[in-house]
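User: I would like to go through this model and ask why certain words are used for it. Please set each value against the cut-off behind the word.

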Amino acid sequence: MAGHSQFKNIMHRKGAQDAKRSKIFTRLIREITVAARTGLPDPEMNPRLRSAIQAARAANMPKDNVDRAVKRASQSDEGDNYEEIRYEGFGPGGICMIVEALTDNRNRTASEVRAAFSKFGGNLGETGCVSYQFDRVGMVEYGAEAADADAMFEAAVDAGADDVESHEGGHDIICAAENLHDVAKALEAEFGDPKAARLNWRPQTTITLDENGASTLFKLLEALDDSDDVQQVSANFEVPDDIMQKLNS
């Protein structure tokens with residue numbers, strides 16, 4: 001098991017995502033708001049907004065909620081103004097972590113993130129202290145039901161993607177950051193709306209964690225997930241399958 005995307009799949013199997021439905025919607029609305037304000041309010045002309053709306057659909061957010069968020073964002077004198085912040089640091093076992101947040105209160109968010117790192121064996125560093133060990137890439141996610149691994153790989157290559165990682169939970173299609181919109185549109189024409197299409201931090205190398213390190217890391221990830229301000233966490237960890245089975249039992 002590698003990276004935060006797989007951690008989210010495990011959390012889903014435990015039922016935690018259902019219990020946090022309102023938190024998920026809050027994060028999605030923030031991303032839609034920021035995306036609409038940083039570009040045109042038309043998803044066909046704004047790749048970031050299109051990706052945010054696709055993610056909202058994948059999370060079964062009602063269309064009315066999406067439309068209201070876009071409308072409020074287009075009226076610049078209304079609604080909250082969110083700031084994009086990136087935190088970098090080290091987690092259990094020396095793994096590198098990048099935490100991306102959208103917040104209307106920088107002090108609150110910094111306090112929550114710092115407290116989570118301190119409680120679960122990590123420490124924050126300066127901006128840039130770990131991001132050089134990651135590549136900024138585009139990622140399009142499809143569920144396993146969308147296609148088999150061979151069909152997805154062939155379609156992704158034709159669409160201009162660089163790599164496909166197929167696993168139990170589905171398919172992660174990797175492409176250059178600047179090609180994300182074109183790759184996502186080409187795959188959408190063949191397989192329908194993806195679960196997500198976004199920019200992501202992909203680690204260049206990974207660190208394998210033992211049972212104690214993995215257990216502590218998952219607690220840290222859950223603490224970060226409890227913050228409404230945290231949008232995404234990327235980390236360069238690997239957990240052997242036998243350890244994952246113990247932690248999930």
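Analyst: This is a predicted model. Its largest nonpolar core has 25 residues, and those with the most contacts inside it are Met-97, Val-99, Leu-217, Leu-220, Leu-224 and Phe-237.

User: Which elements give two or more residues to this core?

Analyst: They are strands E1 (83-90), E2 (96-103) and E9 (230-235), together with helices H6 (106-119), H9 (211-225) and H10 (241-248). H9 gives the most, with 6 residues.

User: What is Val-99 in contact with, leaving aside its neighbours within four places in sequence?

Analyst: Val-99 is in contact with Ile-85, Arg-86, Tyr-87, Val-113, Phe-117, Leu-224, Val-230, Gln-232 and Val-233. Apart from the largest core lies another core, of 17 residues, including Met-152, Ile-173, Val-183 and Ala-197.

User: Why does Met-97 count as buried?

Analyst: Met-97 is found in strand E2. Its relative accessibility is 0%. Buried means under 20%, so Met-97 counts as buried.

User: Where is Met-97 in relation to Ser-234, in sequence and in space?

Analyst: The two residues are 137 residues apart in sequence, while their C-alpha atoms are 5.7 Å apart in space.

User: What makes Thr-109 buried?

Analyst: Thr-109 lies in helix H6. The cut-off for buried is under 20% relative accessible area. Thr-109 has 0%, so Thr-109 is buried. Leaving aside neighbours within four places in sequence, Thr-109 is in contact with Tyr-87, Ala-101, Thr-103 and Asp-229.

User: Why are H9 and H10 called oblique to each other?

Analyst: H9 and H10 pack at an angle of about 55°, with their axes 10 Å apart. Angles under 35 degrees count as roughly parallel, and those from 65 to 115 as roughly perpendicular. An angle of about 55° falls in neither range, which makes H9 oblique to H10. H9 passes H10 in a right-handed crossing.

User: Which residues meet where H9 and H10 pack?

Analyst: From H9 come Glu-211, Ala-214, Ser-215 and Phe-218, and they meet Ile-243, Met-244, Lys-246 and Leu-247 in H10. By class, this contact has 5 nonpolar, 1 polar and 2 charged residues.

User: What makes H4 and H8 oblique?

Analyst: The axes of helix H4 (residues 47-58) and helix H8 (residues 180-191) come within 10 Å and cross at roughly 45°. Roughly parallel would need an angle under 35 degrees, and roughly perpendicular one of 65 to 115. The crossing at roughly 45° meets neither condition, and H4 and H8 are therefore oblique to each other. H4 passes H8 in a left-handed crossing.

User: Which residues of H4 and H8 meet, and how many of them are charged?

Analyst: Pro-47, Arg-50 and Gln-54 in H4 meet His-181, Lys-185 and Glu-188 in H8. The contact of H4 with H8 has 3 charged residues, along with 2 polar and 1 nonpolar.

User: What can be said of the chain as a whole?

Analyst: The protein chain has 10 helices and 10 strands. Of its 249 residues, 44% are buried. Among the contacts in the chain with a separation of 6 or more, 74% are between residues 24 or more positions apart.

Definitions and conventions. Residues are numbered from 1 along each chain as its sequence is written. This is a predicted model: local features need pLDDT of at least 70, side-chain atom pairs count only at pLDDT 80 or more; totals for chains, interfaces and linings use all residues. Side-chain values use heavy atoms; hydrogens and water are left out. A nonpolar core is a set of buried Ala, Val, Leu, Ile, Met, Phe, Trp, Tyr and Cys residues joined through side-chain atoms within 4.5 Å. Buried means under 20% relative accessible area, exposed over 50%, partly exposed in between (1.4 Å probe, protein chains only). Helices (H or I, at least four residues) and strands (E, at least two) are DSSP runs, numbered from the N terminus. Contact means heavy atoms within 4.5 Å. Axes are lines fitted to C-alpha atoms, for helices over the stretch in contact, and angles run from 0 to 180 degrees between N-to-C directions. Angles under 35 degrees count as roughly parallel, over 145 as roughly antiparallel, 65 to 115 as roughly perpendicular and the rest as oblique. A crossing is left-handed if the near helix is turned anticlockwise from the far one by less than a right angle, and right-handed if clockwise. Ala, Val, Leu, Ile, Met, Phe, Trp, Tyr, Cys and Pro count as nonpolar, Asp, Glu, Lys and Arg as charged, and the others, Gly among them, as polar.
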